[in-house]
Amino acid sequence: MRATLRNEGGGYLRFGAFRRVFPHPLRVLFLLVTIGALANVVRDVLAADGPKPALPDVERPRPAQPPIGVKEDKHLDKKPVRETKGLDLTRMGWSYNCMECHKLFPAQWTHSQYVEHKNIQLNHGKNRFCLNCHHSVERNTFVDYDGSVIPEAHVVDLCAKCHGPAHRDWQAGVHGRRNGYWQKDKGTQTRLRCIQCHDPHNPKFKPIKPLTAPTYPKRAAKPKSAEHEPTGKH
Amino acid sequence: MSRPENTDHGGAKTIEQAVRPLTRRTFLKGAGATAAGMAGLVAALRPLMQLESGEITLGDLLKTHYQELTPEKLAQIVEELEARCEKDHGRRPTIRDIQPLEGVEFAYALNLSKCIGCRKCAHACLAENNQSRESDTDINMSYIRVLQLDKGSINLETADHYYDPETVPQKSKYYMPVQCHQCRESPCTKACPVQATWQEPDGVVVVDYNWCIGCRYCMAACPYDARRFNFEKPKLTTEQLNPNQGYLSNRVRPKGVVEKCTFCLHRTREGRYPACLEVCPVGARVFGNILDPDSEINYILENKRVYILKEEVGTVPRFYYFFD
């Protein structure tokens, strides 16, 4: 391309054409305007006092979690292992919404988590890709086998894609916790969903500190196993 | 000339021995015996003195077994108990006598693959059942003991329920919470000399705290260490008191009686889950009606590998352990 242009114009065509379009006084004016505009930009960046670009504010206070069990049980600590961000909380008046950002920044396969969401450490079996679970277009939802949408409130169906036996047990009320009424005709029974206990990006349970132990009887003889506790052998 | 006594005489007594005059020694002996007798008499009359001072009521002295109580008598006792609880612990509870449900037999299952030994169940038991405690961290009266066992076998000889590491679960350990198994062939009810403990129609083994004499035979008979004895008057602050109380379950017990897990019958007989299940962070606990073929408990008995603790002692428990 360049070679052909050079042949036609006999020199560097671009600069030559510029000279022909803008005679000398105009050229000076153009340069002055350009420098002025650049200076404006630099001043704005440095001062940063002007009107900010209207980006969505996604930092929100933690929402009220879904109710668990019966209200009267205030003396029991029924808090699940995790607090969820998604699920059907959007329906409960909380506006956590992935599309707030992803309308502006469409997700692309070329984007890796080294660019965004760096706080997420994916450690979930053989899963290496965000889009194994997350839908590529509808960012608020998850993806089914055939690429169709699983709504965020139905996250259990997503997990069931791989974890069939656990899902079967959960449906039978044997996996995960149920609260409230075992007799369903007497009151409501709430059940925890997968991600209220398991971190979907790192599902293995973390070790926790145990609550206080019973005290060893004061006057009882210590068993040999207790005496040699530090070595861990008995 | 002195000679050793009780020798060479072949049974003959000295005059001194025969007559036994009032020496200093015999006088002191007699005085001691009299004092001990008087102390015993005072102790025996103590209930009458307490009656005068209002510490106990006439109803406490002239008790009736729970199963022979008339509704009016029961209402009167409940009234007295509520008043006493308000006086001792600063809050008036609601004590109800909840009857077993028709066609319901309770059973419990616990997932040994899931339990991480965090002891939340043991603490929730205290919060629910009004056991005596010195502080919020004192769970010696909890009905649940969480055993820490070595992986590889179910060896109770090396089990430890005083474990206190930084984090649980420990590698090479697993955890087994043990509480009352509500046995079908319950040795505790057979051992009781006054029939103060019995099995209800829904399978729950209960104690009549007003009838128990505190002999602790049932504790010796229990192979699961499921019973606790009130060595002293229960210590409970107003905040610790759970006002939702059942006559046969979690009302505040008097000193000198045995208490035990009742599957939280004041909750479960109203269709709710027991407290230990409500708090389990890993969902290891499953509770339900074993007579209902669609219940969770029957799903486990049909589909999971089930283990019965100390099956060989023939107690036929209503508490099952299972594995995933």
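In this predicted model, B:A107 sits across from B:G288, a residue of strand 10 of chain B. The pairing around these two residues involves strand 2 (106–111) and strand 10 (285–289) of chain B, which run antiparallel to one another and are linked by five bridges. Strand 10 of chain B is mostly covered, with five of its five residues buried. As a bit of background, side chains in a regular strand alternate between the two faces of the sheet.

Both strands turn up again in the surroundings of helix 10 of chain B, which spans residues 296–303. Four residues of this helix are buried, namely B:E296, B:I297, B:Y299 and B:I300. Looking down the axis of helix 10 of chain B, the buried residues fit within an arc of 160°, so they line one face of the helix. What do these buried residues pack against? On chain B, the partners are strand 2, strand 10, strand 11 (305–307) and strand 12 (319–323), and they are joined by helix 6 (164–172) of chain A.

One residue of that helix, B:I300, shows this mix of partners nicely. Leaving out residues up to four places away in sequence, B:I300 touches A:V174 from chain A, along with B:A109, B:V286, B:V306, B:Y320 and B:F322 from chain B. B:I300 also belongs to the largest nonpolar core, a set of 73 residues. Within this core, the residues touching the most other members are B:A109, B:C121, B:A124, B:C125, B:A275, B:C276 and B:I300. The largest share of the core comes from helix 5 of chain B (residues 120–129), which supplies six residues. Apart from this core lies another one, made of seven residues, including A:I150, A:V155, A:L158 and A:I195. In general, nonpolar side chains in soluble globular proteins tend to be buried together.

As for the contact between the two chains, 35 residues come from chain A and 39 residues from chain B. On the side of chain A that touches chain B, 16 residues are nonpolar, 13 are polar and six are charged.

A:L158, a member of the seven-residue core, is also in contact with A:C133. The other contacts of A:C133, beyond its neighbours within four places in sequence, are A:F142 and A:V143. A:C133 lies in the loop that runs between helix 4 (99–102) and strand 1 (142–143) of chain A. Is A:C133 buried, exposed or partly exposed? With 19 other C-beta atoms within 10 Å, A:C133 counts as partly exposed, because a buried residue needs 20 or more. A:C133 and A:P200 are 67 residues apart in sequence, yet their C-alpha atoms are 9.7 Å apart in space.

Back on chain B, a few backbone details stand out in the loops. B:V168 and B:P169 are joined by a cis peptide bond, with omega at about -5°. B:P169 belongs to the loop between strand 3 (145–150) and strand 4 (173–178) of chain B. Two glutamines have a positive phi, although neither is a glycine: phi is near 45° for B:Q182 and near 55° for B:Q195. B:Q182 is located between strand 4 and helix 6 (187–191) of chain B, in a loop, while the loop holding B:Q195 connects helix 6 and strand 5 (197–199) of chain B. How do their surroundings look, buried or exposed? B:Q182 is buried, as 26 other C-beta atoms lie within 10 Å, whereas B:Q195 is exposed, with 12 such atoms within 10 Å.

Key:
Residues numbered from 1 in each chain as written. Chains lettered and ligands numbered in written order. Predicted model: local features only at pLDDT ≥ 70, side-chain atom pairs only at ≥ 80, totals over all residues. Contact = placed C-beta atoms within 7 Å. Nonpolar A, V, L, I, M, F, W, Y, C, P; charged D, E, K, R; others polar. Arc of directions from axis to C-beta. Core = buried A, V, L, I, M, F, W, Y, C linked by C-beta atoms within 7 Å. Pairing = 2+ DSSP bridges.
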